[in-house]
Amino acid sequence: MSIGRTRAQAQVPLRIRIRISVEGIVQGVGFRPHVHSLARRLALSGWVGNDGRGVFIEAEGTPDDVARFQQDLRDQAPPLAAIHRVTATVIPARGDHGFHIADSREGTGRATLISPDVATCADCLTELFDPADRRYRHAFITCTNCGPRFTIIRDVPYDRPATTMAAFTMCGECEREYLDPRDRRFHAQPICCPACGPTLRLLDARSRAEDGSPAEDPITSAAGLLRSGGILAVKGLGGYHLAVDAANEEAARTLRARKHREDRPFAVMVGDLDTARALCELDGDAERLLTGPQRPIVLLPRRPGAAMAESVAPGDRRLGLMLPYTPVHHLLAHRFAGPYVLTSGNLSDEPIAHRDGDAYSRLAGIADGFLTHDRPIHVRTDDSVILPVGGRGLPLRRSRGYAPQPLRLSQPVRRAVLACGAELKSTFCLVREDRAFLSHHIGDLENYETLRSFADGVDHFRRLFDITPQLVAHDLHPEYLSTKYAHDAQDTGGVDLAGVQHHHAHIASCLADNQEAGPVIGVAFDGLGYGTDGTIWGGELLVADLTGFTRAGRLSPVPLPGGTAAIRQPWRMAAAHLDAAYDGAPPEGLPVRSRNHRHWDDVVAVARSGVNSPLTSSAGRLFDAVAAIIGLRDTAGYEGQAAIALEQRADPAEKGAYPARLLDDGPLVTIQAADLVRAVVEDMRGGAGPELVSARFHNGLAAATAEACVRLRESTGIGTVALSGGVFQNLLLLDGLVRALRLRDFRVLTHRTVPPNDGGISLGQAAVAAARDALGLL
């Protein structure tokens, strides 16, 4: 009896079948069409579909073809896809024929990731401006490689019924493209055209949505409104913006007055790179950031004499530029043919308006017209802000284009975590397994509207990513609304709480950003944070890892006279630092004292009394004091404005540095801020200009901080330094300190994908809570 194969059997090729699960950003990015195309090319049978965890596949063919399929699945993935995990199991062959896209199914668990919103791709732009194309000037043109994602999704799997496009029924031609595997719009969920898609219209500011009369050509009329000096509200991907002609001083000034935004710079949208080059100095890295699919606001050096209204960015050497990222923006930029301001659609301190009725109500007193449409925005999302640093972008606000793409942690968490962040530049972070879902920018948690936006965002993320937190991390400050939210969650949900000190969270966010666990010498320089000793910290040197920290150094503390009033009035910090630096007898005739003579003695008395004047080691407030002393700013329209002015005034070519002593204050190495303040005053009195004084102050603080790190290395043996906190948005200080540390043979960690400011705090809180939980420390 033969045990070999018969001749007939040998002529039948061996077939195998595999079941594959793909997790990551694989929905809404053309992944199913990609799989379909690969399988058809290799003559495989089976199917592909979406489920709650990502994409499921069954593929059958010869062993060689199936192996090639698995390789190409990763190597040739669509540009917007991000594959995190692929699992494959061999199952019995079925002998079926043909490969198709199966119906989506929810499954028993959700692990699918959602793509951020993506700028209009080059193919769609070509069609948008082609008079022969059926989508010519269609304001909602999109395909599998671009368009809205995160801001329109209500639920997963990512299919049209689960988005805000559900109300728009495809016409016959769009349905044909949607079903054609050879078409770029094959299974593109937001697909539409002028016959079946949303409708763009221009409404008068007095019109209501339901009774407004659409303009015949909304884009042309909107461009005309801008040319006439009017203020236009524009519905974008994540909310409404307010637009004016960026070259019209009166229009920009009117927008500031109506929006109640005194000084903070406006962002500017430019139609192309040539216009950007005419306004700002661009290198290859800046151009890459501007033209990337995320399309953030990029902060760039302004060219002298740039044709820009002064009120767009008063006194600022930089401009925040962005290129169009939706078809509406492209059409408006093309028709207007000039740069236009595009700033968030809100009053100062409010969240951006994203629902039509709310926008008409809140913006009616600001805008002269509304360029709007009838596709709902499900999640409000502000523009991201990026600062080019050393060949890459340092995020100052991580939002549209980046969120909700997860960050990978170095270790999986034991229990699901919610971290509630701080108060300013609020974000939250949800963690499951080894993925940290850092939210979009929420805003400053100082009012009910922003808190409601925060709570709605948490609920949406929990539902999308199927995360039920068992552990909630929060700041130690008892009056932060984020802290109160955490305690409410404990009261209503039975979760465990983990309080995380503010500056430890900063250093932990830098560690998590670099996928490290420490220990490090952490330099946390920011505005204010609640300290464990009852004082206000902000100029800290910590010996830290993810589980804990020891405060090992600081800037010498001074009173914060009047509490938060000192943030709005930097001259108060000048009074406190001068009083400390000169033992109560600063030199006579200082201009900062003369300018504020009416209240100076009272503020000094309050500082000395300690009443509403807690001690603070804040680096941010030290910058404020120096800015006021040298005459740059006595008041601030927004947090950090004086410090920004100080950085921008500095002469980058100046190498001189003011000396500052290091004192052993018990267990702490203390950098004597008083030495820096006295050097500033004496140099200024000797005739040195603000440019030299500012540069020497920056250089002196960097040198003293580096020497403090050397002293801590001698006592701890730690040779890695992590830099975090909002002060490290200051490139002059950041670059100077990084250079000084590397000259002393330190390894330096800085932020890469999350902001160094409080926008990264929630990631740090989550990392600390997870690390402590893993060791049973909670």
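**Close-up views of a predicted model**

**Figure 1. An aromatic cluster in the predicted model.** One aromatic cluster is formed by Phe150, Phe428, Phe437, Phe454, Phe461, Phe465 and Tyr485. In total, the structure holds 13 aromatic pairs. One of these pairs joins phenylalanine 336 and tyrosine 340, whose ring centres lie 6.2 Å apart; the planes meet at 85°, so the pair is edge-to-face. Both phenylalanine 336 and tyrosine 340 are buried.

**Figure 2. An aromatic pair between helix 19 and helix 22.** Phenylalanine 623 and phenylalanine 697 form an edge-to-face pair, with 5.1 Å from centre to centre and 80° between the planes. Because phenylalanine 623 belongs to helix 19 and phenylalanine 697 to helix 22, the pair ties together parts that are 74 residues apart in sequence. Phenylalanine 623 has a relative accessibility of 1% and therefore counts as buried. Phenylalanine 697 is likewise buried, its relative accessible area being 0%.

**Figure 3. The largest nonpolar core.** This core comprises 172 residues, of which Phe31, Ile57, Phe69, Leu232, Phe697 and Leu723 touch the most other members. The greatest contribution to the core comes from helix 22 (residues 690-716), with 10 residues. Beyond its neighbours within four places in sequence, leucine 723 is in contact with several residues, including Cys510, Val523, Phe728, Leu734 and His751. A second, separate core has 41 residues, among them Val268, Leu282, Leu289 and Leu323.

**Figure 4. Strand 13 and its partner strands.** Strand 13 (residues 369-373) is largely enclosed by the rest of the structure, because 5 of its 5 residues are buried. On one side lie Gly369, Leu371 and His373, and on the other Phe370 and Thr372; all are buried, and both faces of the strand are thus covered. Strand 6 (residues 200-204) runs antiparallel to strand 13 and is joined to it by 5 bridges. Within this pairing, aspartate 204 has glycine 369 as its bridge partner. Strand 7 (residues 232-235) runs parallel to strand 13, with 3 bridges between them. Here valine 234 stands opposite leucine 371.

**Figure 5. An open sheet of 5 strands.** The strands follow the order 4-1-3-2-5, and their pairing is mixed. Strand 4 (82-91) and strand 5 (99-101) stand at the edges; each has a single partner strand, so one side of each is left without a neighbour in the sheet. From one strand to the next, the twist averages 15°. Strand 1 (residues 16-25) pairs with strand 4 in the antiparallel sense over 9 bridges, and arginine 19 stands opposite threonine 89 of strand 4. Helix 2 (residues 31-41) packs on the sheet and touches strand 1, strand 2 (45-51), strand 3 (54-61), strand 4 and strand 5. The direction of helix 2 makes about 175° with that of strand 5. Helix 3 (residues 63-75) lies across strand 1, strand 3 and strand 4, at about 5° to strand 1.

**Figure 6. Charged ends over aromatic rings.** Arginine 256 places its charged end over the ring of phenylalanine 266, 4.1 Å from the ring centre. The charged end of arginine 400 sits over the ring of tyrosine 325, 3.5 Å from its centre.

**Figure 7. The surroundings of tyrosine 638.** Tyrosine 638 is located in the loop between helix 19 (619-629) and helix 20 (641-649). With 11% relative accessibility, tyrosine 638 counts as buried. Leaving aside neighbours within four places in sequence, tyrosine 638 is in contact with Asp263, Arg264, Pro265 and Ile644.

Terms used: Residues numbered from 1 in each chain as written. Predicted model: local features only at pLDDT ≥ 70, side-chain atom pairs only at ≥ 80, totals over all residues. Heavy atoms only, no water. Helix = DSSP H or I, 4+ residues; strand = E, 2+ residues; numbered from the N terminus. Buried < 20%, exposed > 50% of the residue type's maximum accessible area, 1.4 Å probe, protein only. Contact = heavy atoms within 4.5 Å. Core = buried A, V, L, I, M, F, W, Y, C linked by side-chain atoms within 4.5 Å. Pairing = 2+ DSSP bridges. Axes fitted to C-alpha atoms, helices over the stretch in contact; angles between N-to-C directions. Phe/Tyr/Trp six-rings, centres within 6.5 Å; stacked < 30°, edge-to-face > 60°. Lys NZ or Arg CZ within 6 Å of the ring centre and 35° of its normal.
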